[in-house]
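Please read the following account with the sequence and the coordinates open beside it. It begins in a loop, moves back along a helix, and ends with the protein as a whole.

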Amino acid sequence: MFVSKLVLRNFRGYNYLSLEFQKGLNIIIGENAQGKTNIVEAIHFLSLAKSFRTNENCDLITKSRQFATIDAWVGQDNITKEITALLTPSIKKVTCNKNPVRKISELSSLINVLLFEPKDTFLFSGSPIARRNFIDVSISKKSPIYLDNLIAYERLLKERNAILKRDTIDKIQLEVITKRIVDASETIANYRNVYINEINRILSRIVAKLSNEKSDVILCYHPFVVPDKDYKKTALKAYEKSLESDIKHKATQIGIHREDISMLLNGKDIATHGSRGENRICVLALKLAPYFLIDDKEARPIVVLDDAMSELDKAHQQSLLEFLSNFEQVFITTTHLEIKNASIYEVKEHTVTRRHA
């Protein structure tokens with residue numbers, strides 16, 4: 001899939017912006033705070049109905065304006081669809097050809113975007129929340145079943161924690177909720193396990209392409225209970241064992257909401273033994289890996305790399321660009337980049353000039 005046209009109204013610093021894009025590499029060049037990231041932020045927003053930079057709608061709306069809109073024309077299988085997002089301070093609505101889109105899984109099938117942003121370099125040395133979010137978003141895009149179970153789990157977890165906060169705990173009610181949590185957990189754990197195995201089939205090859213070095217890279221899943229045929233039985237026992245601690249802390253201490261992933265580079269944990277450059281290359285590879293898990297080439301995602309080049313030397317920049325040249329459409333923001341066979345967009349004070357194609 002690819003974006004052929006983007007129109008922004010009252011979005012961030014753009015009162016109005018209309019851009020046409022090509023397949024292949026689209027390079028958006030500009031100094032910091034000139035508006036280049038706003039463009040890719042808008043493209044990415046349409047894939048999740050959520051910004052990767054803020055949770056507040058007000059931050060996305062031009063100051064003193066009441067609303068913002070993002071319009072994108074997305075091509076796939078010789079069909080072009082118009083995806084529109086309407087934002088006000090309190091609501092957001094997304095439509096496809098003027099028909100409402102209500103589920104993330106549906107939206108991602110219309111416009112799927114893979115994102116790398118600067119803070120992703122610290123994915124494995126930072127909070128496990130970011131790592132779980134990566135896995136949850138990646139799988140939710142592929143599977144409505146996963147997303148439904150994740151939503152159910154989060155709702156049930158709130159219910160269970162509410163029971164644990166009471167002065168008098170209804171043990172029967174707690175048991176019923178716990179069994180339902182385990183049911184949802186089993187589905188989620190199985191999906192996570194399968195997805196990480198899929199990633200591991202291709203991860204080392206992508207890292208080798210980006211680094212020009214053969215490396216053994218493995219993504220490791222750390223479930224609170226091993227997803228096997230005895231999952232429910234083992235999980236219920238784990239909750240029983242944790243009950244006293246749960247009551248003491250008035251919150252659920254174990255479960256899939258506390259699971260984590262790690263990455264091994266040549267047998268060593270990249271978070272503690274990997275250099276900053278190695279972390280950047282390996283996380284880039286991880287973020288690009290889902291592209292190759294989609295068999296239908298027409299349905300493969302749009303790639304957005306926000307400031308991915310800044311800490312790479314020229315050799316690694318060249319390797320990345322050569323690798324990306326095989327993707328259907330890529331957007332790269334940068335302060336400076338010399339490259340042939342790409343569409344260049346120069347941004348200065350929220351004014352965009354197309355240089356050449």
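In this predicted model, Asn 212 belongs to the loop that runs between helix α5 and strand β9, the latter comprising residues 217-222. The backbone of Asn 212 deserves a look, for its phi is near 60 degrees, a positive value in a residue that is not glycine. As a rule, most residues other than glycine have a negative phi. Asn 212 takes this conformation just after α5. A second case is Arg 12, likewise not a glycine, whose phi is positive at about 50 degrees; Arg 12 is placed in the loop that joins β1 (2-11) to β2 (14-20).

From Asn 212 one can turn back into the helix that precedes the loop, α5, which covers residues 171-211. At its N-terminal end α5 is capped by Asp 170, which has a side-chain oxygen 3.1 Å from the backbone nitrogen of Ile 172. Further along, α5 is kinked by about 40 degrees, and the kink is centred on Ile 202.

How does α5 pack against α9, and at what angle? Two packed helices are described by the angle between their axes and by the distance between those axes. For α5 and α9 (residues 314-324), the angle is about 125 degrees and the axes are 7 Å apart. Because angles of 65 to 115 degrees count as roughly perpendicular and those over 145 as roughly antiparallel, the two helices are described as oblique to each other. On the α5 side the contact is made by Ile 206, Lys 209, Leu 210 and Ser 211, while α9 contributes His 316, Ser 319, Leu 320 and Phe 323. Sorted by class, the residues of this contact are four nonpolar, three polar and one charged.

Stepping back to the protein as a whole, one finds nine helices and 15 strands. The C-alpha atoms, taken along the principal axes, fill a box of roughly 65 × 50 × 35 Å. For a compact globule of 357 residues a radius of gyration near 21 Å would be expected, and the 22 Å of this protein agrees with that value.

How values were computed
Residues numbered from 1 in each chain as written. Predicted model: local features only at pLDDT ≥ 70, side-chain atom pairs only at ≥ 80, totals over all residues. Heavy atoms only, no water. Axes fitted to C-alpha atoms, helices over the stretch in contact; angles between N-to-C directions. Helix = DSSP H or I, 4+ residues; strand = E, 2+ residues; numbered from the N terminus. Parallel < 35°, antiparallel > 145°, perpendicular 65-115°, else oblique. Contact = heavy atoms within 4.5 Å. Nonpolar A, V, L, I, M, F, W, Y, C, P; charged D, E, K, R; others polar. Bend = angle between axes of the 7 residues up to and from the residue. Polar contact = N/O pair within 3.5 Å; in protein donor to acceptor, adjacent residues only side chain to side chain. Rg over C-alpha atoms; globule rule 2.2 N^0.38 Å.
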